[in-house]
Amino acid sequence: MRQLAIYGKGGIGKSMVSSHITFALAAKGLNVLHVGCDPKHDSTRLLLHGKMAPTVLGTLRKKNFNAAALVREEVIFESPLTTECAGTIYCAESGGPEPGLGCGGKGVVEAIEALKQLNVFKELQLDVVLYDVLGDVVCGGFSMPIREGHAEEIYIVTSGELEVLFAASNICRAVARFNARAGAKLGGIIGNGRELKNEKKILSDFSRRINSHMVGFIPYSEKIKECSGKGITLFQAYPDTPECDAFRKLADAIWTNTKLSVPKAFTFEELHAWWAQSSGITTKKQSIVEGA
Amino acid sequence: MRQIALYGKGGIGKSTVASHLSHTFAERGMKVLQVGCSPKNDSTYLLLPDFPPTILDILRQRDFQYDDIEPADIIVESPLTFPNGGKIYCAESGGPEPGVGCGGKGVVEAIETLTRLDIFKTLAIDVVLYDILGDVVCGGFSLPIRQGFAQETYVVTSGEFEALYQVTNVAKAIKRFETRSGSKLGGIIVNLRRVKNEHQIVHDFAAKIGTHILGIIPYSQMVKECGGQGSTVFRGAPESAEAQIYRDIGQRVFENTDLVIPNTIEFEDLYAWWLHYIV
């Protein structure tokens, strides 16, 4: 069984990309468990016809955190899209605190504990567990999947935008830090295009610089947005499009990927200097210094 | 002194909006303090030549001895110059090292430090703008609302479902702490993302949660390009339509007195409502 974790800056399309990977892997005949690790609990929405699954934390709360009383069917849901796949898609959502209260990462910690206790990896004969993890706060809770050695492979979703790459570089720092302890490595960079000039080149350049590689690139597409709106993946609405092929190729590349590395994060200064060179965009920082 | 909090889904353009708001306030001759509340510490990126040191880093270096800290250690003045004494001061809360500890701790410590050092008085600040990571409205990140530091909260959103859903979470937090703190919703700032019927969606959404829209920023490659150059549109493209739109938003926020306790919406209701604009 392989355990993958998907990270990336908030809003970059982690859940959308993750759901398509999950579907494409299941279409190949694999049994996949997709675990959303975000208090918003909408990671598996596209796999559940736009529905939101009850969360592990929410269900545990009702049982006064008595994990022994938890039943698998209460927290793991088979996707209706499984009928289109040779394999099976299972969905789970960690959940989190009520808005504005408590710790955001607690859901992730509790969810992983619960899955272990339910012995779902064996009982469901899983081939792949995919953790889709909220990326903006890589705090202790949200780093759980890589910190405790649950996920051996990490993929980072990013566009070619500077601030998104900066977030990606920070995630690399966390991966490198936990590599020593838990052995998790970076499997690669997944490009999610935002219609930037030279974006593919920027991304492959970036991937090389952090000692990794770009495992796939999804071009910007209005169709993706339309499908997200409808609560389905592209595979249901537009199976014969280049976008859909890009996701199939991405899933294949991840499944056959053996190039795992300990990434090298940029310092801010390095990222800035590199960015100016790679993107061909001259920054206006000097004129800020001059007060103009 | 006004204290304003800005929330919204990750990646929706909060820091861009915050930096443009700070700029317009400073143009009016106000002294602005923009406090980035995200472990990424890049909120004030468009206003400074470099990243400022973070409050949490400085605290760590000084073993959390507040008495050893000077305002100049944690506040960086933007070199940008404004008429009539306008100034932008920048601070970044910072956070834990990636992957360790609590992400919200930086916000808690930052506000504590600013208060203890009496920064607002010392620098004669007219407006404080908290730019807050939006994806986890956990205990730490809700502090400006919860403890009533920010009397006014604004949210940045597009017409995308995920972004609107995040707004309803912020609305829930405001309502939850209503009696305790008194932070209220001042309105919505829209960053368009080319969603079908997006204008209609955001207008109806604002009405649904009982607030109003302070401005609509069109989807713009130009804003993105300016961001890539580390610059606001005021500097990168001062004559552009986008620059005028940001100025208008600044003016409306400046003049805004319409503060409400928003209505909350449950996920399923929001989704069913949103879907009929799309399908």
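Select strand β1 (residues 2–8) and strand β6 (residues 152–157), both in chain B. In this predicted model, the two strands run parallel and are joined by five bridges. To see one of the residue pairs, pick B:Tyr7 and look across to β6(B), where its bridge partner is B:Val155.

Next, widen the selection in chain B to the whole sheet. Eight strands make up this open sheet, and their pairing is mixed. Moving across the sheet, the order is β3-β4-β2-β5-β1-β6-β7-β8. Which strands are at the edges? They are β3 (76–77) and β8 (213–217) of chain B, each of which pairs on one side only.

Now add helix α1 of chain B, residues 14–27. What does helix α1 lie across? Beneath your selection you can colour β1, β2 (31–37), β4 (87–92), β5 (127–132), β6 and β7 (184–191) of chain B, since helix α1 lies across these strands. Turn the view to compare helix α1 with β5(B): the helix runs at about 170° to that strand.

Switch to chain A and show the cartoon. Chain A has 13 helices and eight strands. Along the principal axes, its C-alpha atoms fill a box of roughly 65 × 45 × 35 Å. The radius of gyration of chain A is 19 Å, which agrees with a compact globule, because a globule of 292 residues would have a value near 19 Å.

Finally, colour chain A by burial. Of its 292 residues, 54% count as buried. For contacts in chain A between residues at least 6 apart in sequence, 77% join residues at least 24 apart.

How values were computed
Residues are numbered from 1 along each chain as its sequence is written. Chains are lettered from A and ligands numbered from 1 in the order in which they are written. This is a predicted model: local features need pLDDT of at least 70, side-chain atom pairs count only at pLDDT 80 or more; totals for chains, interfaces and linings use all residues. Helices (H or I, at least four residues) and strands (E, at least two) are DSSP runs, numbered from the N terminus. The radius of gyration is taken over C-alpha atoms; the globule rule is 2.2 Å times the number of residues to the power 0.38. A residue is buried if 20 or more other C-beta atoms lie within 10 Å of its own, exposed if 12 or fewer, and partly exposed in between; C-beta atoms are placed from the backbone. Two residues are in contact if their C-beta atoms, placed from the backbone, lie within 7 Å. Two strands pair if DSSP finds at least two bridges between them. Axes are lines fitted to C-alpha atoms, for helices over the stretch in contact, and angles run from 0 to 180 degrees between N-to-C directions.
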